[in-house]
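Me: I would like to go through this model with you in questions and answers, moving from single residues to helices and then to the chain as a whole. Please reason each answer out before you commit to it.

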Amino acid sequence: MTVTADRTFTVEGIRIPDSRLAREITQLVRDTESGLLFHHSSRVYYWGALAGKRRGLKFDRELLYAGAMFHDMGLTPAHSSANERFEVDGANAARDFLRSHGIGQDDIDTVWTAIALHTTPGIPQHMHPVVALVTAGVEMDVVGLTYAEYSDDEREAIVHAHPRSEHSRKTSSRRSTTGSNASPTRHSATSRPTCSRTRTRLSGAAISAA
């Protein structure tokens with residue numbers, strides 16, 4: 001299946017960063033992840049960026065995009081290790097990619113931490129905005145946390161641009177993103193559908209993290 005990223009899609013002034021780094025991130029994720037994970041990660045970026053805007057946080061959208069798009073990379077065969085949690089595998093993949101593109105170590109550390117902690121509720125919101133917002137985006141997309149903070153138009157637009165399934169956009173745009181319906185089957189398309197190494201709870205809603 002061909003997966004595309006619409007760089008003209010904008011919601012409340014939020015769009016994919018127009019930079020070479022962001023374009024290469026998009027291409028890598030398209031080439032490595034399933035369409036399901038690609039769209040999930042894209043939604044995480046938009047939810048997180050909208051949350052940051054509303055909270056009045058200053059953050060680098062390029063770094064947020066990197067954190068959002070790499071956060072589930074550890075679930076792919078190409079980046080899954082035998083010994084690490086999938087969050088760490090994804091963080092390491094982002095670290096290596098950013099390092100190869102000359103990104104500074106402080107920024108790399110920020111993205112690494114954002115990915116490594118994205119299934120650890122209660123901590124990221126006290127850290128760097130990029131760390132906080134990757135988790136905020138994941139929590140919104142997986143368990144519908146802060147659902148009411150987004151307008152109907154925003155939710156419909158984001159889910160239409162990045163559907164929750166690999167079915168048609170027309171069908172997916174009619175779906176809501178509440179509660180259990182907001183939980184994409186994000187691991188079923190990977191080679192690691194279940195794993196006892198990493199299980200966590202997001203605000204009382206148990207989800208399988210690997």
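Me: Is S19 buried or exposed?
Reply: This is a predicted model, and the answer rests on a computed accessibility. The cut-off for a buried residue is under 20% relative accessible area. The relative accessibility of S19 is 17%, so S19 counts as buried.

Me: Which residue offers the backbone nitrogen that the side chain of S19 reaches?
Reply: S19 belongs to the segment before α1, a helix that covers residues 20-32. At a distance of 3.1 Å, the side chain of S19 reaches a backbone nitrogen, and that nitrogen is the one of A22.

Me: Which helices do the buried residues of α1 pack against?
Reply: The buried residues in α1 are L21, A22, I25, T26 and V29. Because they cover an arc of only 135° around the axis, they lie on the same side of α1. The face turned away from that buried side carries the exposed residues R20 and D31. The packing partners of the buried residues are α2 (35-55), α3 (61-70) and α4 (86-100).

Me: What span from first C-alpha to last does α1 reach?
Reply: Helix α1 has 13 residues, for which 18 Å is expected at 1.5 Å a residue. The span in the model is close to that expectation, at 18 Å.

Me: Which residues does L28 touch, not counting residues up to four places away in sequence?
Reply: L28 has its place in helix α1, and with a relative accessible area of 25% it is partly exposed. Its C-alpha atom is separated by 9.5 Å from that of F70, a residue 42 positions apart along the chain. F70 is also among the residues touched, and the full set is F70, M73 and F97.

Me: How many residues of α6 are buried?
Reply: Helix α6 takes in residues 129-143, and its 15 residues reach 21 Å from the first C-alpha to the last, close to the 21 Å expected at 1.5 Å a residue. The helix is mostly covered, and the number of its residues that are buried is 15 of 15.

Me: What phi does G144 take, just after α6?
Reply: G144 follows directly on α6, and its phi is positive. The value is about 75°.

Me: Which residue in the loop between α6 and α7 has a positive phi although it is not a glycine?
Reply: The loop in question leads from α6 to α7, a helix that spans 152-161. The residue has a relative accessibility of 29%, so it counts as partly exposed. Its phi is about 60°, and the residue is T146.

Me: What is the phi of E12?
Reply: E12 is found in the segment before α1, where its relative accessible area of 46% makes it partly exposed. E12 is not a glycine, yet its phi is positive, at about 50°.

Me: Which residues of α7 are exposed on the side away from its buried residues?
Reply: The buried residues of α7 are E154, R155, I158, V159 and A161. They cover an arc of only 165° around the axis, which puts them on the same side of α7. On the other side of this helix, the exposed residues are D152 and D153.

Me: What distance separates the C-alpha atoms of T120 and T135?
Reply: T120 has its place in the loop between α5 (105-116) and α6, and at 22% relative accessible area it is partly exposed. T120 and T135 are 15 residues apart along the chain, and their C-alpha atoms are separated by 8.1 Å.

Me: In what order do the elements of the chain run from the N terminus on?
Reply: The chain has eight helices and two strands. Read from the N terminus on, the order is α-α-α-α-α-α-α-α-β-β.

Me: What share of contacts between residues at least 6 apart in sequence joins residues at least 24 apart?
Reply: The chain has 210 residues, of which 53% count as buried. Among its contacts between residues at least 6 apart in sequence, the share that joins residues at least 24 apart is 68%.

Me: Over which residues is the pLDDT below 50?
Reply: The chain averages a pLDDT of 82, and 75% of the residues score at least 70. Where pLDDT is low, the predicted coordinates should not be read in detail. The stretch below 50 has 109 contacts in the model beyond near neighbours in sequence, and it covers residues 167-210.

Notes
Residues are numbered from 1 along each chain as its sequence is written. This is a predicted model: local features need pLDDT of at least 70, side-chain atom pairs count only at pLDDT 80 or more; totals for chains, interfaces and linings use all residues. Side-chain values use heavy atoms; hydrogens and water are left out. Helices (H or I, at least four residues) and strands (E, at least two) are DSSP runs, numbered from the N terminus. Buried means under 20% relative accessible area, exposed over 50%, partly exposed in between (1.4 Å probe, protein chains only). A polar contact is a pair of N or O atoms within 3.5 Å; within protein, one must be able to donate a hydrogen and the other to accept it, and residues adjacent in sequence count only if both atoms are side-chain atoms. Contact means heavy atoms within 4.5 Å. The expected span of a helix is 1.5 Å times one less than its number of residues. The arc is that of the directions from the helix axis to the C-beta atoms. pLDDT is the predictor's confidence in each residue, from 0 to 100.
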